[in-house]
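Let us read a structure together, one feature at a time. Each turn gives the general idea, then the case at hand.

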Amino acid sequence: MTIILIRTAILYLMVLFAIRIMGKSELSKLSPFQMVVLFMIAELASLPIEDTNLSLINGTTAIFTLLFLQVAISYLSLKCEWFKNFISGKPSILIEDGVINELELKRLRININDLTEQLRLKNSPSLSDVAYAVIESNGDLSVIPKPDKKPLTPSDMGIVKPKEIMPLILVCDGVLYNNNLHKIGWDEEYLKSLLLPMKILSYKEILMAFCDEQKQLHVYQPSGDGRISVEVIV
């Protein structure tokens with residue numbers, strides 16, 4: 001039992017390390033090749049756990065061999081467009097300038113019902129509203145509506161909006177996030193001055209506090225009856 005626990009912990013750390021080395025972009029794309037690599041890594045990690053007679057070193061070597069191949073192929077894909085298209089495929093235009101590409105639909109074995117279903121999932125229920133629809137290399141569908149079907153933006157109406165910041169969590173479960181505090185240009189003394197009118201003297205009293213796009217502070221506090229109270233400080 002102890003051997004299994006140790007082998008499981010070692011292989012878990014190996015797989016975690018391998019996935020981290022592969023990078024965030026690999027997990028976001030999940031092309032067919034990358035899915036195969038992930039499945040193979042999982043299978044190679046499970047075999048030495050199930051059978052203690054198998055060498056742990058052999059399993060680790062196989063995992064790192066796959067990791068090396070994945071990183072090498074990813075690097076080659078960056079340098080060579082042809083190689084990238086061969087490994088990951090390239091986008092396919094299904095609707096171009098409002099016209100359905102029947103040849104591309106047949107090549108990809110997609111019928112009109114499948115296409116309209118995917119368009120509905122992308123909030124484009126009518127084919128007549130779509131200017132372009134593209135199947136990306138990872139299999140996701142990108143939809144560009146026609147100009148007269150796009151929602152109005154402030155720039156369309158001549159409205160100049162003030163610059164916004166990225167919302168950041170400042171306190172979570174009683175722990176202060178100093179890095180996020182500095183990113184929005186605040187210091188701890190200023191944060192405490194905002195919390196003082198609420199009679200909050202310790203971060204332990206805060207379930208979560210975050211700063212929104214307009215630099216408004218939202219504070220969530222647990223109450224005695226199990227509910228969460230919310231305060232917004234401008």
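The dialogue below covers salt bridges, a surface patch and one buried residue.

Q: What kind of model is this, and how are residues numbered?
A: This is a predicted model: local features need pLDDT of at least 70, side-chain atom pairs count only at pLDDT 80 or more, and totals for chains, interfaces and linings use all residues. Residues are numbered from 1 along each chain as its sequence is written, and side-chain values use heavy atoms, with hydrogens and water left out.

Q: How many salt bridges are there?
A: Side chains of opposite charge can pair when their charged atoms come close. The rule for a salt bridge is a side-chain nitrogen of Lys or Arg within 4 Å of a carboxyl oxygen of Asp or Glu. By this rule there are 5 salt bridges.

Q: Where do E104 and R107 lie?
A: Helices are DSSP runs of H or I with at least four residues, strands are runs of E with at least two, and both are numbered from the N terminus. E104 and R107 both lie in helix α6 (residues 102-107), 3 residues apart, or about one turn. They form a salt bridge, with the closest N and O atoms 2.6 Å apart.

Q: Is E104 buried or exposed?
A: Buried means under 20% relative accessible area, exposed over 50%, and partly exposed in between (1.4 Å probe, protein chains only). E104 has 15% relative accessibility, so E104 counts as buried.

Q: Which parts does the pair D140 and K122 tie together?
A: First the pair itself: the side chains of D140 and K122 meet in a salt bridge at 3.3 Å, N to O. D140 lies in the loop between β3 (130-135) and β4 (141-145), and K122 in the loop between α7 (112-121) and β3, so the pair ties together parts 18 residues apart in sequence. D140 is partly exposed at 38%. K122 is partly exposed at 33%.

Q: Which residues form the nonpolar patch?
A: Patches take residues with over 30% relative accessible area and no salt bridge; like charges are joined within 9 Å, nonpolar side chains (Val, Leu, Ile, Met, Phe, Trp, Tyr) within 5 Å. Accessible areas come from the Shrake-Rupley method with a 1.4 Å probe; for residues, only the protein chains shown count as cover. Here Y12, L13 and L16 form a surface patch, with about 320 Å² of accessible area together. Y12 lies in helix α1 (residues 2-22) and is exposed at 51%.

Q: What does T60 touch?
A: Contact means heavy atoms within 4.5 Å. Not counting residues up to four places away in sequence, T60 touches L11 and M14. T60 lies in helix α4 (residues 56-79) and is buried at 14%.
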